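Here are my notes on the model you sent. They are set out as numbered points, to be read with the structure open.

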Amino acid sequence: MGIVAGLDSSSAFTHIVVCDTDSGAVLREGYAAHPVEAKAAEVDPQAWLLSLGEAASGGLLEGVQAIGVSAQQHGLVPLDQQGNLVRPALLGNDRRAQVAAADLVDGLGGRQAWAEAVGAVPSAAQPVAKLRWLARTEPENAQRVAAVLQPHDWLVWQLLGRPARRTTDRGAASGTGYWSAGSASYRPDLVELALGHSAALPEVLGPAESAGMTPEGLLISAGTGETMAAAFGLGVAVGDAVVSLGASGSVMAVHHEALADPSGMITSFADATGMHLPVVHLSNAVRALRGTAEMLGVDGLEELSALALKSTPGASGLVLLPYLEGERTPQLPHTAGTLCGLRRESMKPEHLARASFEGMLCSLADALDVLRGRGVEVRRAFLLGATAELPAVQALAPAVFGTQVVVPQPAQYAAIGAARQAAWALGVSQGSLDPRTPPAWQGAAAQVLEPGDELAVGGAVRQQYTATRDQIHPGAFGGQHPA
């Protein structure tokens with residue numbers, strides 16, 4: 001049928017893949033770093049365009065018929081009445097809106113009111129909290145805000161030549177704090193609550209719809225946020241969970257409906273296909289391993305992994321609750337990590353090393369059980385992040401999670417997901433694809449790990465961890481403890 005492109009504009013770089021529309025095979029790639037500090041809390045969006053232009057240089061897009069755009073989530077691009085920037089874009093990693101988020105929770109009547117309204121309790125990352133921060137700290141700028149976009153919305157708008165119509169998709173919209181995945185509608189009253197006045201919001205497109213054609217005749221698909229694009233690129237479906245291992249962690253799964261969670265542990269995102277992506281965030285994941293490696297004086301996580309495998313399941317009774325930076329799941333924002341079970345025989349480096357891996361994985365398993373407890377089916381778990389390659393993680397995860405674990409080969413899954421969406425929109429526009437059924441691309445190449453005979457051992461490790469967690473933090477999960 002042809003070739004399409006997907007671009008992923010992350011917080012630090014732009015990556016473009018050009019793919020065959022029928023198979024999804026990656027034909028060529030382009031990359032460019034953003035000309036800004038990767039950890040900046042705000043940035044001129046023109047930097048994204050400069051990076052995009054560099055990544056697409058050398059004829060990369062020659063012959064491409066359609067483009068999909070994935071971009072970092074939770075950024076806020078405030079525009080004035082003429083469509084010009086009011087101030088630099090506020091990025092998702094900007095934590096200055098924490099107080100503003102708490103104000104908004106109180107302003108609507110508490111966590112449950114927000115969960116019922118939009119499927120998420122405001123956090124500093126979300127655009128709705130950034131709007132409140134803007135209104136409180138930069139009131140003159142806030143008064144000039146006439147329209148708000150997110151990074152992917154803004155990039156699509158720029159590629160289309162800044163038309164009067166501005167668009168987004170349900171995946172990106174579900175992360176704003178003022179669009180409900182459950183009702184598939186905006187809550188303009190929440191924008192007013194945050195900003196102090198109304199603002200124009202982009203039209204929410206369906207998964208297979210196109211945003212328009214560029215002046216050069218390229219079809220631009222709806223685009224989406226990085227999380228949704230990566231899930232689409234991986235090819236996850238109902239029964240699949242995705243466990244992301246970074247310094248912090250997250251667990252998400254494909255589900256047939258939005259989940260309103262009064263506790264705030266579940267954030268109800270929409271995906272890029274018409275389904276839903278309930279997500280549970282953790283404050284601590286790989287940072288617990290790095291902290292343990294530093295404490296033991298070992299040289300990196302590979303050495304920590306090798307050391308951990310010299311121990312035995314249960315780490316000789318040593319249990320690490322890895323809540324080093326407080327924790328979001330369970331909600332213990334002001335707690336610290338705990339090391340329990342210290343006895344003379346357990347005070348060995350290999351046992352602490354293993355306890356750190358078991359603690360991290362048991363905490364992630366707790367998050368999986370939060371989803372399972374709400375009726376989300378989990379038949380297998382995709383494990384993402386460089387740490388997923390560690391032998392200790394691969395040896396322990398299937399038994400601790402109690403399910404098949406899939407470790408995909410490293411690839412630019414967000415860009416691939418954006419390209420797959422472009423192929424879908426192109427096929428629909430040509431009448432060759434159904435708007436309800438995405439193109440059947442080949443799934444990610446991956447290792448598949450089964451719990452096998454270790455399932456009972458993993459259950460015992462979970463039981464030891466859960467008993468310790470409930471003793472130190474009774475009622476942390478509201479009395480409904482994961483198994």
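1. Which residues does Pro438 touch, not counting residues up to four places away in sequence? The model is a predicted one, and in it Pro438 touches Phe232, Arg420 and Trp424. Pro438 itself lies in the loop between α14 and β24. Pro438 and Phe232 are 206 residues apart in sequence, yet their C-alpha atoms are 9.6 Å apart in space.

2. The partners of Pro438 lead to a pair of helices. Phe232 of α9 and Arg420 and Trp424 of α14 take part in the contact between these two helices. Helix α9 spans residues 226–234 and helix α14 spans residues 413–430; their axes are 6 Å apart and the packing angle is about 75°. Angles of 65 to 115 degrees count as roughly perpendicular, so α9 is roughly perpendicular to α14.

3. For anyone inspecting that contact residue by residue: α9 contributes Glu226, Ala229, Ala230, Phe232, Gly233 and Leu234. From α14 come Tyr413, Ala414, Ile416, Gly417, Ala418, Arg420, Gln421 and Trp424.

4. On the other side of the Pro438 loop is β24, which belongs to an open sheet of seven strands. The strand order is β18-β19-β17-β16-β22-β23-β24, with mixed pairing. Strands β18 (266–270) and β24 (446–449) are the edges, each pairing on one side only. From one strand to the next, the twist averages 25°.

5. At the β24 edge, the neighbour is β23 (residues 404–408). The two strands run antiparallel and are joined by four bridges. Within this pairing, Pro408 stands opposite Ala446 of β24.

6. How many disulfides does the model contain? The count is zero, taking a disulfide as a pair of cysteine sulfur atoms within 2.5 Å. Cys362, for instance, is in no disulfide: the nearest cysteine sulfur belongs to Cys340 and is 13 Å away. Cys362 has a relative accessible area of 1%, and is therefore buried under the 20% cut-off. Cys19 is also buried, because its relative accessible area is 0%.

7. On annotation, an unreviewed UniProt entry assigns "domain: Carbohydrate kinase FGGY C-terminal" to residues 241–426. Over that range the chain is 37% helix and 22% strand. The C-alpha atoms at the two ends of the range are 28 Å apart.

Key
Residues are numbered from 1 along each chain as its sequence is written. This is a predicted model: local features need pLDDT of at least 70, side-chain atom pairs count only at pLDDT 80 or more; totals for chains, interfaces and linings use all residues. Side-chain values use heavy atoms; hydrogens and water are left out. Two strands pair if DSSP finds at least two bridges between them. Axes are lines fitted to C-alpha atoms, for helices over the stretch in contact, and angles run from 0 to 180 degrees between N-to-C directions. Buried means under 20% relative accessible area, exposed over 50%, partly exposed in between (1.4 Å probe, protein chains only). UniProt positions are given in the numbering used here, feature names are shortened, and annotations may be inferred rather than shown by experiment. Angles under 35 degrees count as roughly parallel, over 145 as roughly antiparallel, 65 to 115 as roughly perpendicular and the rest as oblique. Contact means heavy atoms within 4.5 Å.
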